[in-house]
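This report looks at strand pairing, enclosed spaces and a few loop residues in one protein chain. Keep the structure in view while reading.

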Amino acid sequence: MLVNLARTHRLNAAPLAPGPVLYWMSREQRVRDNWGLLHARELAGRAHPLVVCFCLVPAYPGATLRHYDFMLSGLARVEIDLAALGIPLALRLGDPSAEIPRLADELGAGCVVTDFDPMRVKQGWQRAVAEALPVALIEVDGHNVVPARQVSQKQEYAARTIRPKIHRLFGEYLEEFPAIEPQAAAVPSLPPTDWDALRAGLAVDPAVGPVALAPGEDAAREALDRFVSDRLEVYAERRNDPNAGATSWLSAYFHFGQLAPQRAALAAAASGRGEGQAAFLEELVVRRELSDNFCLHNAHHDTLAGAPAWALRTLDEHRADPRPYVYSQEEFEQARTHSRLWNAAQNEMRRTGFMHGYMRMYWAKKILEWSPTPEAAHATALALNDRHQLDGRDPNGHVGVLWSLAGLHDRPWQTRPVFGSIRYMNERGCRRKFAVDQYIERWGG
Ligand code: FO1
């Protein structure tokens, strides 16, 4: 087999029948380095056709034109690259719970393969599809180097508990991707996608517009190559300086599946960039897989209720503490706070679709301090993150917000007003770490 079966997981008990194979692409929107597509291709073999489907949901929760523009440009490339391999792309518009079983029925599919995704929305779609299909639905983890279901069977406490589990299996799973074999079997003829008509039919908020990041698999690979050759060397030392431009800027490519984290891990592991390599692999593999582990095993991953019990208790004990400032979601969104540093971070995100990782922590912690309740703070931070960040709606975003506001994967610290024992950050601390005024000047406070 081309694909290690430990990366696969059956989502229903229906049989795997001989016949066409349908790959329902969703989280992994790429043709190269895609374990799900490779597994579907090997199941189809020479005898049966493989058809790829992407089901476009016209109003994915919280997404805006910024996200759809980036995603659809990448998918148009996917269609071209699949065609070069003789594999058709069926683009369906609507709810996957209905569309995928319908297409599988039209094709007389013998099985359906799809991407592992721990998010609530995706899990709901997959459950509905698994129940409706008369044939096997097989999930493939094309996102984690060590598949999430192999790393751990429970929610891990912190990076320190998942790290040894990942490290133990890392060598076994960090393998080179095989090339996908072109398809010679006769395939059902499908009309090419009318991308302009699709764009015109979207029901998304155009107020948050496209950003400058180049979309698609080729652009993602170029961005990875540039990062490894130009910035990985200084990554360990400079990644926490929001002015240094030393981060990878790859998270949007990972979120939309235009780049496999495993491809980035292979490139970093082969780079020979000592400390930078180790620091990047920690973020890319340990922290990223910790986020998938949390969302997979915590049914409340998208609300404050997902936080650890000690954190919920301390936030509750400080519920009535007077707040130094109280802002509405709209005031936060428009960067109308008293803090020039906070406003600058919000502006960076609004304009570029990307806020520096260090500022994301400060930004979210201040939303906790300046909101009427911890629940309102969580809702505001998540809504703004999902609306403006190109990598919003991702397990990493959920974990980042809960880490900042509610002690997830962290421990209790010294008690303070509003925060209780949640780790605190302030502008003075930022000033010790980097040139705050330069950052404010760049983004406007
Ligand atoms: N996945 C889909 O299968 N269909 C969609 O129409 C779709 C829209 C979409 C818009 C913004 C966004 O950030 C994500 C979107 N996704 C869509 C899901 C995405 O591929 C990711 O899998 C999850 O958000 C993270 O796991």
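Strands E3 and E4 run parallel and are joined by 5 bridges. The model shown here is a predicted one. Across this pair, Cys 55 stands opposite Arg 92 in E4. Between E3 and E4 the chain passes through H2, and this β-α-β crossover is right-handed. Strand E4 covers residues 89–93 and is mostly covered, with 4 of its 5 residues buried.

**Enclosed spaces**

The model has 2 cavities of 30 Å³ or more. The largest cavity has a volume of about 340 Å³. It is lined by 23 residues, and those closest to its centre are Gln 29, Tyr 60, Met 71, Lys 122 and Phe 256. Strand E3 (50–56) and helix H2 (65–83), met above as parts of the crossover, each supply at least two residues of this lining. Strand E2 (21–25) and helix H4 (120–132) also supply at least two residues each. Domain 1 (1–142) and domain 3 (304–443) each give at least three residues to the lining of the largest cavity.

The second largest cavity has a volume of about 40 Å³. Its lining consists of Arg 30, Arg 32, Asp 33, Glu 217, Arg 221, Gln 258, Leu 259, Ala 260 and Arg 263. Where does this cavity lie with respect to domain 1 (1–142) and domain 2 (143–178 + 217–297)? Both domains give residues to its lining, so the cavity lies between them.

**An open pocket**

The second largest pocket holds about 360 Å³ of space. Of its 22 lining residues, Leu 213, Trp 249, Glu 348, Thr 352 and Phe 354 lie nearest its centre. Helix H9 (251–255), helix H14 (340–352) and helix H19 (436–443) each give two or more residues to the lining of this pocket. At least three lining residues come from domain 2 (143–178 + 217–297), and at least three from domain 3 (304–443).

The table sets out the three linings by residue class.

| Space | Nonpolar | Polar | Charged |
|---|---|---|---|
| Largest cavity | 14 residues | 4 residues | 5 residues |
| Second largest cavity | 2 residues | 1 residue | 6 residues |
| Second largest pocket | 11 residues | 7 residues | 4 residues |

**Three loop residues**

Asp 33, one of the residues that line the second largest cavity, sits in the loop between E2 and helix H1 (35–44). Its phi is near 55 degrees, a positive value in a residue other than glycine. Is Asp 33 buried or exposed? Asp 33 has a relative accessible area of 10%, which is under 20%, so it counts as buried.

His 409 is placed in the loop between helix H17 (395–406) and helix H18 (427–433). This residue is not a glycine either, and its phi is positive, at about 60 degrees. Its relative accessibility is 13%, so by the limit of 20% His 409 is buried.

Pro 118 belongs to the loop between strand E5 (111–115) and H4. Why does Pro 118 count as buried? It counts as buried because its relative accessibility is 1%, and buried means under 20%. Pro 118 and Cys 295 are 177 residues apart along the chain, yet their C-alpha atoms are separated by 5.5 Å.

Definitions and conventions: Residues are numbered from 1 along each chain as its sequence is written. This is a predicted model: local features need pLDDT of at least 70, side-chain atom pairs count only at pLDDT 80 or more; totals for chains, interfaces and linings use all residues. Side-chain values use heavy atoms; hydrogens and water are left out. On a 1 Å grid over the protein atoms alone, a cavity is a set of points where a 1.4 Å probe fits but cannot get out, and a pocket is an open set with protein on both sides within 12 Å along at least five of seven lines; lining residues have an atom within 4 Å of a point. Grid points are joined across faces, edges and corners, and a volume is the space filled by probe spheres set on the points. Ala, Val, Leu, Ile, Met, Phe, Trp, Tyr, Cys and Pro count as nonpolar, Asp, Glu, Lys and Arg as charged, and the others, Gly among them, as polar. Domain bounds come from an automatic or database domain assignment. Buried means under 20% relative accessible area, exposed over 50%, partly exposed in between (1.4 Å probe, protein chains only). Two strands pair if DSSP finds at least two bridges between them. A crossover is right-handed if, with the strands pointing away from the viewer, the path from the first strand over the helix to the second runs clockwise.
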